Amino acid sequence: MRAVDALMECLKAEGVDVVFGLPGGANLPTYDAFYDAGIRHILVRHEAGGGHAAEGYAKATGKVGVALATSGPGATNLITPICDAMMDSVPVVFITGQVRTELLGTDGFQEADMIGISMPIVKHSFMIQDPLEIPRSIHEAFHLARTGRPGPVVVDIPQDLSRADIPYEPVSDVRLPGYQPTTEGNQKQIRIAAKALANARRPIIYAGGGVVASGAAAELTELATCDRFPVTCTVMGLGGFPGTHEQWLGMLGMHGTRAANYAMDEADLICAIGARFDDRVTGKLSEFAPRAKFIHIDIDPAEISKNVPAHIPIVGDAKNILPRLTAEYRALGADPGRLEEWWSRIRVWQERHPLRYEDSTDSEIKPQFMIQALYEATGGEAIVSSDVGQHQMWAAQYYNFPRPRRWINSGGLGTMGFGLPAAMGAKVGCPDQTVVCIAGDGSVQMNMQELATCSQEGIAIKVFIMNNGYLGMVRQWQELFWDKRYSQVDMGQWPDFVKLAEAYGATGLRLDDKHTLVSDMKEALATDGPVLVDVRVTREENTYPMIPAGQPARNMVG
Amino acid sequence: MGEPATKEVLSLDELEAVSGLRTGRKHILSILVENKPGVLTRIAGLFARRGFNIDTLAVGPTDDERLSRITLTLDGALHPIDQVTKQLHKLVNVLKIRDLEPRETLARELAMFKVSADGASRAEVMQLCEIFRGKVVDVTKRSLVIELTGTCEKVDAFEQLVRPFGLIEMARTGEIAIARGRSET
Ligand SMILES: Cc1ncc(C[n+]2csc(CCOP(=O)(O)OP(=O)(O)O)c2C)c(N)n1
Ligand SMILES: [Mg+2]
């Protein structure tokens, strides 16, 4: 059998039902195999779109996404999605073509050292050197992407090897002696953590994307509600705890709520779960949570004590650990009354500093209002992807995600252009759900071309562009920290998104009246096929509250 | 702070942060890796990316042809060693890492010194060489090449002593190490 046909068998054995890619010379054999392999292949218009679509698919479904590209420029176009998947721990297998082995190292046509270029931004990579290695490498790639701390894995296959004939036998095991993620969590440590929680007066749970990746949202709620622990999430963790729960403090970090950030600042015990103390969360590290001791639960031991020294480290899968922590905690019979004082302090912050904005007095749409309208129009039940910028932060603040895997954004890398293709991938993975993209007028232009893919494949995403005519987040920083010297942030009136949508075979709409916004949005959501909605919002509105970069939470402004 | 909340008292004040600490001494890491292309690049790249400084690095085969051993020395005053080893462990091709205990470790490196040695100084250099149990492996009218093995501290000491005579060139391998006694490194 040709190695590429074996590759198809391996993909099927891994349960792959869809891949995103674009062919070229070096992966022609692979594409010949796709011709009748019976695996859905979605032809994207740019490999970066395919990579982000695979991420969106993975984030929405929890399954491994797959993206393909040819050698050279095809492969390098995948670099941003690979890095994005690394930063946000997204399980994606990237399969790239490579020039024929005899050309390797000769600067052959479309040769790029993909393994070398991607090395710093992959969980692992495989350079195929013998066609016999292909089946095993593919399975190992999926195993690595999916297990432990998920992440991107690259498999680079030289063209001549991919068309070689090999005897194919299904592979049922992986041989990765250097890879044994710890998932259990040490019981003794769990017991100490329970005791610490029982003795804390001002505890808080700080949950990150690891809770979502682990599928431990229900277990987190169990833990939080076995007493009355306040909960905050990172931008990656949203949906890991219900955004409407009375113990929910809102997101923390640079654009988090004051209640969440102040509670972190004053806590005596912080229970970090699948979170990595990113600088957007900690602000000035030396002044971060100065009174707190830390329980740190993470599947990646290298995250523990990387930025903030942990007092009670627990390495393992949150899904295994949280129920045991809850059980241990319950057995201690702690007095919930001791948290009264803490809660009354938190309630004061919540009452004094809710998320707020000044609404317009005319028909102008404030960006925050736009998110609230979308929440209403979707009943809070959509899968929401977003791009990067102010609109992303407003979406994170105002769309109270009820469940995990409903919020799909680029947190670690902050990749403009992520939203539209990620929504496409999410919709392919969850065809029965409403999938919307909250896009920036700047960001959306970075992967706009995938609207053609959506039209061709009938992928009915609803893209709502928050159009402020600016690279808004950069404009905000220039306004606040650079004397209002707006340098290269005004994008004027272009393009005409409605016409563009039509050119791509999608429905284009323009909305600018707040009074009809909810019903107009509902209409857009009810329209068949892909829809692109140009929502005109206030041009110069700032995302608040905000911890200025490098400052402590206490210094929140706005 | 009022009554304890539970009978199982644990004072938060007594909890101590674990790891992330700098030891302040030199560390020798013995790393067993799969003998596959690109593994050294992955390790070197990791160190560069995370800003870990390698003092010396030596790579060679082991008794098992599928494995190589990388011996690294680095300064525990500059880096939290546990963070270094945890990051290394994330590399799939890394099988085993030992942070070798100095007292239970035999560490050696090989060094070659090209020293100018004419007339008067020659005898003196050769005497130093003898004291350090070095070997003269090349002689010309005006120079000697000395081969020396020992711990990196011994090689440093020798370097200091011959420098005044005119050190023309020096090449060092970096330390390799093995655990004392019967147990595996
Ligand atoms: C690929 C990329 N380039 C540049 C940036 C820097 N950046 C962060 S937010 C932003 C503005 C995004 O503008 P827009 O998409 O219109 O969103 P807005 O902030 O206006 O809501 C820019 C340029 C980035 N995050 N990603
Ligand atoms: Mg904008």
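**Exercise 1. Find which element gives the largest share of the shell around ligand 1.**

Solution. The model is predicted; local features need pLDDT of at least 70, side-chain atom pairs count only at pLDDT 80 or more, and totals for chains, interfaces and linings use all residues. Residues are numbered from 1 along each chain as written, chains are lettered from A and ligands numbered from 1 in written order, and side-chain values use heavy atoms, without hydrogens and water.

Step 1. Collect the residues near ligand 1 (a heavy atom within 4 Å). There are 17, and A:Q390 and A:G472 are among the closest.

Step 2. Assign elements, with helices as DSSP runs of H or I, at least four residues, and strands as runs of E, at least two, numbered from the N terminus. α20(A) supplies three residues, the largest share.

**Exercise 2. List polar contacts of ligand 1 with A:G414 and A:G472, then state how much of the ligand the protein buries.**

Solution. Step 1. Apply the cut-off: a pair of N or O atoms within 3.5 Å. A backbone N or O atom of A:G414 is 2.8 Å from a ligand nitrogen. For A:G472, a backbone N or O atom lies 2.7 Å from a ligand oxygen.

Step 2. Take accessible areas by Shrake-Rupley with a 1.4 Å probe. Ligand 1 alone exposes 590 Å², and the protein buries 76% of that.

**Exercise 3. Identify the salt bridge between chain B and chain A.**

Solution. Step 1. Search for a Lys or Arg side-chain nitrogen within 4 Å of an Asp or Glu carboxyl oxygen. The count is one.

Step 2. Name the partners: A:D300 and B:K90, at 2.5 Å, N to O.

Terms used
Polar contact = N/O pair within 3.5 Å; in protein donor to acceptor, adjacent residues only side chain to side chain.
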